[in-house]
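Here are a few friendly notes to read alongside the model. Take them in order, with the structure open next to you.

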Amino acid sequence: MPGYRLGDSKYHGICCGNKDQSNHCVQIFRQSDGTLTNLAWMSGGGGRLHMPVEVYCDNGKDLLYVVDNINHAVDVYRQKDSSFFRSFDGQGGGNGKLFHPAGMCVANSLLYVVDADNHRV
C-alpha cells in the first residue's frame, strides 16, 4: 500500500515509504505519456532514498521535495526529468542539520521541516 499521493495537471506521483517501507523510492506516474519513473533507490545521500516519508510538489519552480527519514535529509529533484537537484542533509543537532525528519509543509513560500529527533521545526 503506497504511503502518500501527490499530483497536478502534469504529474501524478506516489511516495512509497511510509506504508511500503521496503521500496525506499518515489514513483512518479506521468499521466501525459503513461510513463512510470523511480526517483531513487535505497542507499545513502545524494538523492538515494532510504525511507521517504513525505513529498511536496513545487509546480512554480518545477521541483519535487522528498523528506528522507533514515538519511536525515530533504532531497530535491527536478520534476521535468526526475533528476537529482540538491539535498538539505546532515545528521546532527546544529543549524542546518536534521535528525530523522518526519514531515514538511510550505507556508508563505517557506519550507518547514519537522525535525523529529531534534524536537524542532
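1. The second largest pocket has a volume of about 160 Å³ in this predicted model. To find it, look for its lining: Tyr56, Asp58, Lys61, Tyr65, Val106, Ser109, Leu110 and Leu111.

2. Which strands supply at least two residues each to that lining? They are E5, which spans 52–58, and E10, which spans 110–115. By character, the lining of the second largest pocket divides into five nonpolar residues, one polar and two charged.

3. Now move to the largest pocket, whose volume is about 240 Å³. Its lining is made up of Val74, Phe88, Asp89, Asn95, Gly96, Lys97, Leu98, Leu111, Val113, Asp115, Arg120 and Val121. You have already met one of these, since Leu111 lines the second largest pocket and also lines the largest pocket.

4. Strand E10 comes up again here: along with strand E8 (84–89), E10 supplies at least two residues of the lining of the largest pocket. The largest share of this lining, three residues, comes from E10. Sorted by character, the lining of the largest pocket has six nonpolar residues, two polar and four charged.

5. Two residues in the lining of the largest pocket, Asp115 and Arg120, deserve a second look. Their side chains meet in a salt bridge, with 2.9 Å from N to O. That distance counts as a salt bridge because the cut-off is a side-chain nitrogen of Lys or Arg within 4 Å of a carboxyl oxygen of Asp or Glu. How many salt bridges does the structure hold? The count is one.

6. Are the two partners buried or exposed? Asp115 is buried, at 2% relative accessibility. Arg120, with a relative accessible area of 30%, is partly exposed. Buried means under 20%, so Asp115 falls below that cut-off, while Arg120 lies between it and the 50% above which a residue is exposed.

7. Finally, a word on the cysteines. A disulfide is a covalent bond between the sulfur atoms of two cysteines. How many disulfides does a search of the whole structure find? The search finds zero. As for accessibility, Cys57 is buried, with a relative accessible area of 15%, whereas Cys105 is partly exposed at 43%.

Methods
Residues are numbered from 1 along each chain as its sequence is written. This is a predicted model: local features need pLDDT of at least 70, side-chain atom pairs count only at pLDDT 80 or more; totals for chains, interfaces and linings use all residues. Side-chain values use heavy atoms; hydrogens and water are left out. Buried means under 20% relative accessible area, exposed over 50%, partly exposed in between (1.4 Å probe, protein chains only). A disulfide is a pair of cysteine sulfur atoms within 2.5 Å. On a 1 Å grid over the protein atoms alone, a cavity is a set of points where a 1.4 Å probe fits but cannot get out, and a pocket is an open set with protein on both sides within 12 Å along at least five of seven lines; lining residues have an atom within 4 Å of a point. Grid points are joined across faces, edges and corners, and a volume is the space filled by probe spheres set on the points. Helices (H or I, at least four residues) and strands (E, at least two) are DSSP runs, numbered from the N terminus. Ala, Val, Leu, Ile, Met, Phe, Trp, Tyr, Cys and Pro count as nonpolar, Asp, Glu, Lys and Arg as charged, and the others, Gly among them, as polar.
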